[in-house]
Amino acid sequence: MKKGKRLYEGKAKIIYATQDKDLVIQYFKDDATAFNNQKKTTIEGKGVLNNRISEHILSNLSQIGIKNHLVKRLNMREQVIKLVEIIPIEFIVRNVATGSLTKRLGIEDGTVLKEPLIEYCLKDDKLGDPLIAEEHIYAFEWANKKEIEKIKKMILRINDFMIGMFRGIGIKLIDFKLEFGRLKVNGKNEIILADEISPDTCRLWDSITDKKLDKDRFRKDLGDLIPAYTEVAKRLGILHEQSNVSAVNVTQLSSVKKKNK
Ligand code: 5GP
């Protein structure tokens, strides 16, 4: 598949055109940002790990009937995805209260929620992705009621599946962010899951120790982000147990791949 011109560059990914107008290439960068871009760095190997982890989760979701944009992983940093019209909402799913929820409402950190809580944020970096009510979505026609009902059903299914998948490997799925898009199929819009699911977009805590295995290691200056993401990948069975992946090893893996291209 030939990489065409750059269509869009986000904080962690770049989208390139291909010769097929319905397909694009999603490139995972090593850039890490937090707090609305105020904190920025590059963490070598992060993109490689997120590419693999997201591919694994989206392929598994596809097998349980959750339609999503992933076509196939191309190499260490790129995947072919279906071009969709992204709904400009970040769907936040919470099983345990932490992060912005605890700050906003004074809820004790770590409170287990009786039911999964879905929150909506407007996808707008300039405004800092503000929390919105479902009514805002209809008032400003960011999506219609039918689409949101469908998305909510998909979210609960995704959450159930992911809680079980992570529980099986000794990880608690605390919360995560999802994005959805519209795909034209036979002239009709279909809602499919888009973006990525990775330790960049989820909070993942070790079941026994509560050790953070996600982007909070960067947000909270805890260090060792690559070993944490590697641990997630190893437990998911993506990387072999014996491979001692460090930032250096991941970089080596990506450069070996580049030389082989
Ligand atoms: P919080 O609202 O507590 O900051 O985040 C809730 C969950 O959504 C966390 O798992 C966090 O990683 C994810 N999340 C929310 N907004 C974003 C975003 O703009 N980018 C990424 N990568 N994750 C987000």
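Helices (H or I, at least four residues) and strands (E, at least two) are DSSP runs, numbered from the N terminus. The model is predicted, so local features need pLDDT of at least 70 and side-chain atom pairs count only at pLDDT 80 or more, while totals for chains, interfaces and linings use all residues. Residues are numbered from 1 along each chain as its sequence is written, and side-chain values use heavy atoms, with hydrogens and water left out.

**Exercise 1. A pair within a helix**

Task: State how Arg 219 and Asp 216 are placed in helix H5, and whether each is buried or partly exposed.

Solution.
- Step 1. Arg 219 and Asp 216 both belong to helix H5 (residues 216–219), three residues apart, and are thus separated by about one helical turn.
- Step 2. They form a salt bridge, with the closest N and O atoms 2.7 Å apart. A salt bridge is a side-chain nitrogen of Lys or Arg within 4 Å of a carboxyl oxygen of Asp or Glu.
- Step 3. Buried means under 20% relative accessible area, exposed over 50%, and partly exposed in between (1.4 Å probe, protein chains only). Arg 219 is partly exposed at 24%, and Asp 216 is buried at 2%.
- Step 4. Both residues are part of a salt-bridge network that also includes Arg 94, Arg 104, Glu 119, Asp 175 and Arg 203.

**Exercise 2. The ligand and its surroundings**

Task: Describe the residues around the ligand and their polar atoms close to it.

Solution.
- Step 1. The ligand is surrounded by 15 residues (a residue is near if one of its heavy atoms lies within 4 Å). The closest are Arg 94, Ser 100, Asp 175, Asp 200 and Arg 219.
- Step 2. By class, this shell has nine charged residues, three polar and three nonpolar. Here Asp, Glu, Lys and Arg count as charged, Ala, Val, Leu, Ile, Met, Phe, Trp, Tyr, Cys and Pro as nonpolar, and the others, Gly among them, as polar.
- Step 3. Ser 100 has a polar side-chain atom 2.6 Å from an oxygen atom of the ligand. For Arg 203, a side-chain N or O atom is 2.9 Å from a ligand oxygen, and for Arg 219 the distance from such an atom to a ligand oxygen is 2.9 Å.
- Step 4. Of the 500 Å² of accessible area that the ligand has on its own, the protein covers 81% (Shrake-Rupley method, 1.4 Å probe).
- Step 5. Strands E9 (89–96), E12 (171–185) and E14 (202–206) are the elements that give two or more residues to the shell.

**Exercise 3. A pair far apart in sequence**

Task: Which parts of the chain does the pair Glu 78 and Lys 3 tie together?

Solution.
- Step 1. The structure holds 29 salt bridges. One of them joins Glu 78 to Lys 3, with the closest N and O atoms 2.5 Å apart.
- Step 2. Glu 78 is in strand E7 (residues 78–82) and Lys 3 in the segment before strand E1 (6–9), so the pair ties together parts that are 75 residues apart in sequence.
- Step 3. Glu 78 is buried, at 6% relative accessible area, whereas Lys 3 is partly exposed, at 42%.

**Exercise 4. An enclosed helix**

Task: Why is helix H6 largely enclosed by the rest of the structure?

Solution.
- Step 1. Eight of the 11 residues of H6 (residues 225–235) are buried, so this helix is largely enclosed.
- Step 2. Among the buried residues are Leu 225, Ile 226, Tyr 229 and Lys 234.
- Step 3. Gly 237, which follows H6, has a positive phi, near 85 degrees.

Key
Polar contact = N/O pair within 3.5 Å; in protein donor to acceptor, adjacent residues only side chain to side chain.
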